[in-house]
Amino acid sequence: MRTLQHRITTDTRYVLIGFPVTVIAFVLVVAGVAAGLGGAVAFVGLPVLAATAVLARKFADAERAALPDVVGRPLARPEYPAAPVGAGWFRRTMTPIANGQAFLDLLHAIVALPFAIVSFVLTAVWWAGAIAGLTFPIYGWALAKLPGLDGGLPALLGLGDGDGVFVAFNTAAGLLFALTLPAVVRIAATLKANLAEALLTRPAPRPQAVRHPYEESVLAA
C-alpha cells in the first residue's frame, strides 16, 4: 500500500508541478528562438539563440532531475562540450549551440507542451472526480434539492430521480475515479516522461564490478 501511495504521489507531483514549468519553458524558448532567427541575418540573433540554448538546458536539467523517480531507473546527462581553452569571445558565445544536444533541448521545450497539457488534464480530472465523488455524500443531498436539477444524470439514464439515487450514483462515479486513479496518473506521467527521456537523457552507464586482486591473478594465470 505504501508503494502504491508513493507511486501516485510521485506521478502526480511530476505532472502537476511540471505543467507550469513546461508552459514557462515553451513561452521563453519560442520567444528566444523567434528573436534569434529573426536577427540571425545580421548576426545579432546568434547570441540570442545561444542564450536561449543555455536557458533550454536549464529547463532540461530540471526535467532530468525529476525523471529517475518517474521511470524507476537512473539516467545519464548528455555531455555538453565546453569551449576550447583560449577560444575567442565569439567561439565561447556560440559554444552552447555547437552540439546536437542543444537542439534537442530546444526541441523538447517546444514540443513538450501538448504532452504536458494532456497529462495535466488527465491527472487533474481524475483527482477532481475522485475527491468530489467520494465526498459527495456530505454535500450531495443539498445539491439534489436544487431547483431544475430533476434527478441529474441518473434520471436521464432511467435509474430514477430520487435523492438517494442521485447521491449513490455520483458517489459510485467517484469510487470509479478513485479505483482507476493510479493507472490513469501513471499513464499521464509516463506520457510526459517518455518524451523527456528520449530527447534529454542517455542510459546510465552500468557500474563496473570491482575484482579482488586474488581474482585478477587467477584470471591472468
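I looked at the start of helix α4 in this predicted model. A side-chain oxygen of N99 comes to within 3.2 Å of the backbone nitrogen of Q101. I noted this as a polar contact (N or O atoms within 3.5 Å, one able to donate a hydrogen and the other to accept it; residues adjacent in sequence count only through side-chain atoms on both sides).

Two notes on method. Residues count from 1 along each chain, and side-chain values use heavy atoms, without hydrogens or water. Local features need pLDDT of at least 70 and side-chain atom pairs 80 or more, while totals for chains, interfaces and linings use all residues.

Next I followed α4 along its length. It covers residues 100–134, 35 in number. From first C-alpha to last it reaches 49 Å, close to the expected 51 Å (1.5 Å times one less than the number of residues). I found a bend of about 40° at A112 (the angle between axes fitted to the seven residues ending there and the seven starting there). The proline P114 follows within four residues.

Then I counted elements. The protein has eight helices and two strands (DSSP runs: H or I, at least four residues; E, at least two). Their order from the N terminus is α-α-β-α-α-α-α-α-β-α.

Last, I checked burial. Of the 221 residues, 33% are buried (under 20% relative accessible area, 1.4 Å probe, protein chains only).

Methods
Buried means under 20% relative accessible area, exposed over 50%, partly exposed in between (1.4 Å probe, protein chains only).
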